[in-house]
Amino acid sequence: MNSKNIWESAKSLLVAFNYENEEQLKDFRKSLDSMLNSSNVDRLIIVVNVPKEVDKNTLPPHFLIYYNSPLDFNFWSKLKDVQLETELQRAYDIMIWFGHTEAKIFPYVKDAAVKRKIIVNEQDASFDLQLNAGSEVPSEMLDFVIKTLKKISTNE
């Protein structure tokens, strides 16, 4: 049986984090790019939770990023973005959620078909692994997560 670590065995990744400002978003994107360049991940989506005060149309577009705001839900809390809903119905090897889970999209992401659900800098019993990165800096959080996942063996 071939023994690999969780990070090396991941082919698909779902990342979700809460938008704070343009600088944080830029740092996340840059850190994610460098992290993924040296990975086996070939399918990725990124869900960025944007407060309703922020006009998501002013944020830099990217084909892998879905900006999600409380305004993207109807009166019955149904997601209006059909494309994002379709992406969340696909299966993923790993989901990494950064920060608090109060976003309206959380139930959709939480119920996605994911082998390993990881939350960073927060606690939630619905996740397989809860990590405390000891930092809010995107590059440091991502680096911590990858180093941790490389230490956990999987027999698949």
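Visitor: Where is Ser31 found?
Guide: Ser31 sits in helix H2. Keep in mind that this is a predicted model.

Visitor: Is Ser31 buried or exposed?
Guide: Ser31 counts as buried because its relative accessibility is 11%, and the cut-off for buried is under 20%.

Visitor: What does Ser31 touch, leaving out residues up to four places away in sequence?
Guide: With those left out, Ser31 touches Pro138, Ser139 and Leu142.

Visitor: Now the sheet. How many strands, and in what order?
Guide: The open sheet has 6 strands in the order E4-E3-E2-E5-E6-E7, and the pairing is parallel.

Visitor: Which ones are the edge strands?
Guide: Strand E4 (65-68) and E7 are the edge strands, since each of them pairs on one side only.

Visitor: And how are neighbouring strands turned against each other?
Guide: On average by 20°, with direction ignored.

Visitor: Which strands does helix H2 touch?
Guide: Helix H2, residues 22-37, packs on the sheet and touches strand E2 (12-18), strand E3 (43-49), E4 and E5. The direction of H2 makes about 160° with that of E2.

Visitor: What about helix H5?
Guide: Helix H5, residues 138-151, also packs on the sheet, in contact with E5, E6 and E7. Its direction makes about 135° with that of E5.

Visitor: What holds strands of a sheet together, in general?
Guide: Strands of a sheet pair through backbone hydrogen bonds, in either a parallel or an antiparallel way.

Visitor: Back to this one. How many bridges join E5 to E6?
Guide: There are 7 bridges between strand E5 (residues 91-98) and E6. Among the bridge partners are Trp97 with Ile119 and Ile94 with Arg116.

Visitor: And on the E2 side of E5?
Guide: E2 and E5 pair over 5 bridges, in the parallel sense. One of the partner pairs is Ala16 with Trp97. Trp97 is thus named twice: its partner in E6 is Ile119, and Ala16 has Trp97 as its partner in E5.

Visitor: How many residues of E5 are buried?
Guide: In E5, 7 of the 8 residues are buried, so the strand is largely enclosed by the rest of the structure. Strand E6 (residues 113-120) is mostly covered, with 6 of its 8 residues buried.

Visitor: How does E6 pair with E7?
Guide: E6 and strand E7 (residues 129-131) run parallel, with 3 bridges between them. Ile118 has Leu129 as its bridge partner in E7.

Visitor: Gln130 is in E7 too. Why does Gln130 count as partly exposed?
Guide: Because its relative accessibility is 38%, and partly exposed covers values between the 20% and 50% cut-offs.

Visitor: What is Gln130 in contact with, leaving aside neighbours within four places in sequence?
Guide: Gln130 contacts Ile119, Glu122, Gln123, Asp124 and Ala125. The C-alpha atoms of Gln130 and Ile119 are separated by 5.0 Å, and the two residues are 11 apart along the chain. A polar atom of the Gln130 side chain lies 3.0 Å from the backbone oxygen of Asp124.

Visitor: Different topic. How many residues are in the largest nonpolar core?
Guide: That core has 32 residues, and those with the most contacts inside it are Trp7, Leu13, Val48, Ile94 and Phe98. Helix H1 (6-9), E2, H2, E3, E4, E5, E6 and H5 each supply at least two of its residues.

Visitor: Any other core worth listing?
Guide: A second, separate core has 20 residues, including Ala16, Met95, Val109 and Phe127.

Visitor: Last topic. How many salt bridges does the structure hold?
Guide: It holds 5 salt bridges. In one of them, the side chains of Lys56 and Asp72 meet at 2.5 Å, N to O. This pair links distant parts of the chain, 16 residues apart: Lys56 is in the loop between E3 and E4, and Asp72 is in the loop between E4 and helix H3 (82-88).

Visitor: Are those two buried or partly exposed?
Guide: Lys56 is partly exposed, with a relative accessible area of 23%, whereas Asp72 counts as buried at 13%.

Visitor: Which residue forms a salt bridge with Lys147?
Guide: Asp143 does, with the closest N and O atoms 3.2 Å apart. Both residues lie in helix H5, 4 residues apart, about one turn of the helix. Lys147 is partly exposed at 48%, and Asp143 is partly exposed at 39%.

Technical notes
Residues are numbered from 1 along each chain as its sequence is written. This is a predicted model: local features need pLDDT of at least 70, side-chain atom pairs count only at pLDDT 80 or more; totals for chains, interfaces and linings use all residues. Side-chain values use heavy atoms; hydrogens and water are left out. Buried means under 20% relative accessible area, exposed over 50%, partly exposed in between (1.4 Å probe, protein chains only). Two strands pair if DSSP finds at least two bridges between them. Axes are lines fitted to C-alpha atoms, for helices over the stretch in contact, and angles run from 0 to 180 degrees between N-to-C directions. Contact means heavy atoms within 4.5 Å. A nonpolar core is a set of buried Ala, Val, Leu, Ile, Met, Phe, Trp, Tyr and Cys residues joined through side-chain atoms within 4.5 Å. A polar contact is a pair of N or O atoms within 3.5 Å; within protein, one must be able to donate a hydrogen and the other to accept it, and residues adjacent in sequence count only if both atoms are side-chain atoms. A salt bridge is a side-chain nitrogen of Lys or Arg within 4 Å of a carboxyl oxygen of Asp or Glu.
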